[in-house]
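The exercises below go through one chain by its strands, sheets and one helix. Each task is followed by a worked solution.

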Amino acid sequence: MERTLSFSLSLSPLFLFLVFSLVQGQNPKCDTQEHGSTLQVFHVFSPCSPFRPSKALSWEESVLQLQAKDQARLQFLASLVAGRSVVPIASGRQIIQSPTYIVRAKIGTPPQTLLLAMDTSNDAAWIPCTACDGCTSSLFAPEKSTTFKNVNCGAPQCNQVPNPSCGSSSCNFNFTYGSSTIGANLVQDTVTLATDPIPGYTFGCVAKTTGPSTPPQGLLGLGRGPLSLLSQTQNLYQSTFSYCLPSFKSLNFSGSLRLGPVAQPIRIKYTPLLKNPRRSSLYYVNLVAIRVGRKVVDIPQEALAFNPVTGAGTIFDSGTVFSRLVAPAYVAVRDEFRRRVGGKANLTVTSLGGFDTCYTVPIVAPTITLMFSGMNVTLPQDNILIHSSAGSTTCLAMASAPDNVNSVLNVIANMQQQNHRVLFDVPNSRLGVARELCTK
């Protein structure tokens, strides 16, 4: 039975399209002046974003679509770990696997304002440019910028992009992103983030794209590899940034991306960042155990172990929606969650798409604590449950990797990160997490 409007905002971004359609243009926070080195972060379905879905879907449809997006994202991450391109099958419908959160950036001189997706698992930025074949959103017009220039083939940056080639002495490159193929010219121009101008920033000016997975708004790479924001702004931001992702519950959907060491939280717990030479972009951490309620569940050591050869381990990722654990870890967490929720009542467990732990009656759920080296992160119900008031359906918002994704990664995703300040301190090789109600 289709349920269109009467569901909780614990996870309802597609429903919010209806609300946002009424308030678009009436929310002054969309145009709030950004100060210093702090940018506003918006959910891609916020009233400040032109990339909301074109039609409202039922709760079940919205969850299934987000799961499909995650599947493509996980295949992308699996391809990074495996060091090869993996093209997901879209099962007859469009899957947009671009990251979920966006920021504003000003490109060129005079500045042109564009929206870019935040992606902690990518390095190079790319931006759709005029005359792009296949681009669907606002385009950067390089011909209108007096500081724009192409990067020539002999420049060192040309060796830092995938599949570089030369055309008319300028550097071109192409790559796959999910189920899309993207061709871009390597260029430089001034990029302004908040009030910080960054002259000569190197990025891809997208000339052609095919397939449904290309982020329509372009992308800002926050990884720690070559050509990332961190690599290009080491003197300015000292390879340090943090973000606080707004909850799906907020109609305003505004968090923050704070660049540089200034004004970062002092009272925060850290876990070491682990280095994978084969996948230097990804933010690996050491997840040592998981506690459900008061019980540390029994997970085989190899399910959590970091292995730079195979790429196995645990990463923080801003672009995946729901956390995914390798099967042995997920089964252990799921079974203890079910035991604590069901108790003596022996509640019936149902499923919804990739979620296999759902209930059609109200439940009291235990907390889930992610136990890292030197740091525990306890997730309250808002970070682990999705639920519908229409059918009183509640699901555990975690899963194992889909059957057709051969992933050895545990991914701490953005729903589990919401309303936390996540601090990436690369010079000190550590990642910090602190609870923060960042929705504004």
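**Exercise 1.** State which residue stands opposite N174, and describe how strand 7 is paired and covered.

Solution. N174 stands opposite G183 in strand 8. The model is a predicted one, in which local features need pLDDT of at least 70, side-chain atom pairs count only at pLDDT 80 or more, and totals for chains, interfaces and linings use all residues. Residues are numbered from 1 along each chain as its sequence is written, and side-chain values use heavy atoms, with hydrogens and water left out.

Step 1: strand 7 covers residues 170–177 and strand 8 residues 180–193; strands here are DSSP runs of E with at least two residues, helices are runs of H or I with at least four, and both are numbered from the N terminus. Strands 7 and 8 run antiparallel and are joined by six bridges; two strands pair if DSSP finds at least two bridges between them.

Step 2: strand 7 also pairs with strand 6 (residues 164–167), in the antiparallel sense and over four bridges. In this pair G167 faces S170 of strand 7. Two residues lie between the strands of the hairpin, and S168 takes a positive phi near 55° there.

Step 3: six of the eight residues of strand 7 are buried, so the strand is mostly covered, because buried means under 20% relative accessible area, exposed over 50% and partly exposed in between (1.4 Å probe, protein chains only).

**Exercise 2.** Give the strand order of the open sheet that contains strand 19, and place helix 6 against this sheet.

Solution. Step 1: the order is 19-20-24-23, an open sheet of four strands with antiparallel pairing. Strand 19 (350–352) and strand 23 (385–388) are its edge strands, each pairing on one side only. On average, neighbouring strands of this sheet are turned by 35° against each other, direction ignored.

Step 2: two bridges pair strand 19 with strand 20 (residues 355–359) in the antiparallel sense. L352 is opposite F355 in strand 20.

Step 3: helix 6 (residues 327–342) lies across strand 20, strand 23 and strand 24 (393–396), at about 10° to strand 20. The axes are lines fitted to C-alpha atoms, for helices over the stretch in contact, with angles from 0 to 180 degrees between N-to-C directions; contact means heavy atoms within 4.5 Å.

**Exercise 3.** Is S392 buried or exposed, or does it fall in between?

Solution. Step 1: S392 is found in the loop between strand 23 and strand 24.

Step 2: its relative accessibility is 31%, so S392 counts as partly exposed.

Step 3: apart from neighbours within four places in sequence, S392 is in contact with Y359, T360 and V361. S392 and P362 are 30 residues apart in sequence, with their C-alpha atoms 6.4 Å apart in space.

**Exercise 4.** Describe the open sheet that contains strand 15, and its relation to helix 6.

Solution. Step 1: this open sheet of four strands has the order 16-15-21-22, with antiparallel pairing. The edges are strand 16 (295–296) and strand 22 (375–379).

Step 2: strand 21 (residues 368–372) and strand 22 run antiparallel, joined by five bridges. T369 is opposite T378 in strand 22.

Step 3: helix 6 lies across strand 15 (287–292), strand 16 and strand 21, and runs at about 15° to strand 15.

**Exercise 5.** How many helices and strands does the chain have, and what share of its residues is buried?

Solution. The chain has seven helices and 28 strands. Of its 440 residues, 57% are buried.
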